[in-house]
Amino acid sequence: MHLRTTAILATAAFGLAIPASGLAEVPTTIGTGKKTCVPTRGASCKGITHHRVNLAGRDLRGVHFHGTRLHHADFRQADLRGARFDGASLRGADFSGAKLKGAYFGAPRTTRKDANASWLPPGCNPNCSGANLAGANFTFTNLLDANLASANLAGANLTYTNLAGANLSRANLAGANLTYASLTSANVSYANLMSTHLAGASLSSANLIGAYLIGATLTGAYLEGADLTGANL
């Protein structure tokens, strides 16, 4: 009843290899105007704008992308562990096979010391709460237990993505592709799943209370134990 996560991640590692020739085309400096940065491990790239940048396969651990506009950026198989995308706009970005342990995609952190703790990213998983990831590509990505509450994932490609145990409460997944994704035990309550592709997806034991599923494709989806109380079908 469950998707074979190991096989999924293995496919991500070997099926989406980035050609060496593609890496040679990566710019040494990204950004426009006065705001530029060199995207290397631990760099500060706050507030930059750069569309269609190729950062595939790069070591971007701990890079600060706060408030950036990186539409259609290529992060395939990049190492983004601990990277921060607070308040970033990432429409159409491709995160296929990227390492996202400890990455943070949510709203900007508060500066109040007494409230900082509530914004700390989880120790093992990305925090994407409220993030704008419309049209982003997370194919084969491991987002186990990720926080995507109220995130905008409209039109996103989440094919074969591991979202087991993830929080997708009130997320916008309209038109997203979740074919063969694992949503086992995920919280998808009150999420917008209008016209979402869920063929072959595992939704066993998922919380779908109040979810909007009008027009969704559920052919071959696993729904054993799922709670569909109040869902719009």
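In the predicted model, Thr-141 is buried, with a relative accessible area of 1%. Thr-141 lies in the segment that follows strand S2 (35-37). Contacts to Thr-141 from beyond four places in sequence come from two stretches of numbering. Phe-95, Ser-96, Gly-97, Ala-98 and Leu-100 touch Thr-141, as do Thr-161 and Asn-162. Because the relative accessible area of Thr-141 is 1% and the limit for a buried residue is under 20%, Thr-141 falls in the buried class.

One of these partners, Phe-95, also features in the nonpolar core. The largest such core holds 61 residues. Within this core, Phe-75, Leu-80, Phe-85, Phe-95, Phe-105 and Leu-133 touch the most other members. In soluble globular proteins, nonpolar side chains tend to be buried together. Leu-133 was examined further. Setting aside residues within four places in sequence, Leu-133 contacts Leu-90, Phe-105, Cys-128 and Phe-138, along with Leu-148, Asn-152, Leu-153 and Ala-156. Phe-105, a contact of Leu-133, is likewise listed among the core residues that touch the most other members.

Leu-208 is also buried, and its relative accessible area is 1%. Leu-208 sits in the segment after S2. Beyond four places in sequence, Leu-208 touches Val-188, Ser-189 and Leu-193. Further contacts of Leu-208 are Leu-223, Ala-226, Asp-227, Leu-228, Thr-229 and Ala-231. Leu-168 lies 40 residues from Leu-208 in sequence, with a C-alpha to C-alpha distance of 9.8 Å.

Thr-217 is partly exposed, at a relative accessible area of 29%. Thr-217, too, belongs to the segment after S2. The contacts of Thr-217 outside four places in sequence are Thr-196, His-197, Leu-198 and Ala-199. Leu-193 is 24 residues from Thr-217 along the chain, and their C-alpha atoms are 9.6 Å apart. Leu-193 is also a contact of Leu-208.

A nonpolar patch lies on the surface. Met-194, Tyr-212 and Ile-214 form this patch, with about 240 Å² of accessible area together. Tyr-212 occurs in the segment after S2. Tyr-212 is partly exposed, with a relative accessible area of 34%. Because patch members need over 30% relative accessible area, Tyr-212 meets that cut-off at 34%.

A search of the whole structure finds one disulfide. A disulfide is a covalent bond between the sulfur atoms of two cysteines. Here Cys-37 pairs with Cys-45, and the sulfur atoms are 2.0 Å apart. The link is right-handed, with 90° about the S-S bond. Both Cys-37 and Cys-45 are buried.

Five salt bridges were counted. Side chains of opposite charge can pair when their charged atoms come close. Asp-59 and Arg-61 are joined at 2.7 Å, N to O. Asp-59 is partly exposed at 31% relative accessibility, and Arg-61 is partly exposed with a relative accessible area of 25%. Arg-61 also forms a salt bridge with Asp-79, at 3.5 Å, N to O. This pair links distant parts of the chain, with Asp-79 and Arg-61 18 residues apart and each in the segment after S2. Asp-79 counts as buried, at 10% relative accessibility. Through shared partners, salt bridges join Asp-59, Arg-61, Asp-79 and Arg-81 into one network. Another salt bridge connects the side chains of Arg-84 and Asp-86 at 2.9 Å, N to O. Arg-84 and Asp-86 are both buried.

Note on methods: Residues are numbered from 1 along each chain as its sequence is written. This is a predicted model: local features need pLDDT of at least 70, side-chain atom pairs count only at pLDDT 80 or more; totals for chains, interfaces and linings use all residues. Side-chain values use heavy atoms; hydrogens and water are left out. A nonpolar core is a set of buried Ala, Val, Leu, Ile, Met, Phe, Trp, Tyr and Cys residues joined through side-chain atoms within 4.5 Å. Buried means under 20% relative accessible area, exposed over 50%, partly exposed in between (1.4 Å probe, protein chains only). Contact means heavy atoms within 4.5 Å. Helices (H or I, at least four residues) and strands (E, at least two) are DSSP runs, numbered from the N terminus. A disulfide is a pair of cysteine sulfur atoms within 2.5 Å. Patches are made of residues with over 30% relative accessible area and no salt bridge: like charges are joined within 9 Å, nonpolar side chains (Val, Leu, Ile, Met, Phe, Trp, Tyr) within 5 Å. Accessible areas come from the Shrake-Rupley method with a 1.4 Å probe; for residues, only the protein chains shown count as cover. A salt bridge is a side-chain nitrogen of Lys or Arg within 4 Å of a carboxyl oxygen of Asp or Glu.
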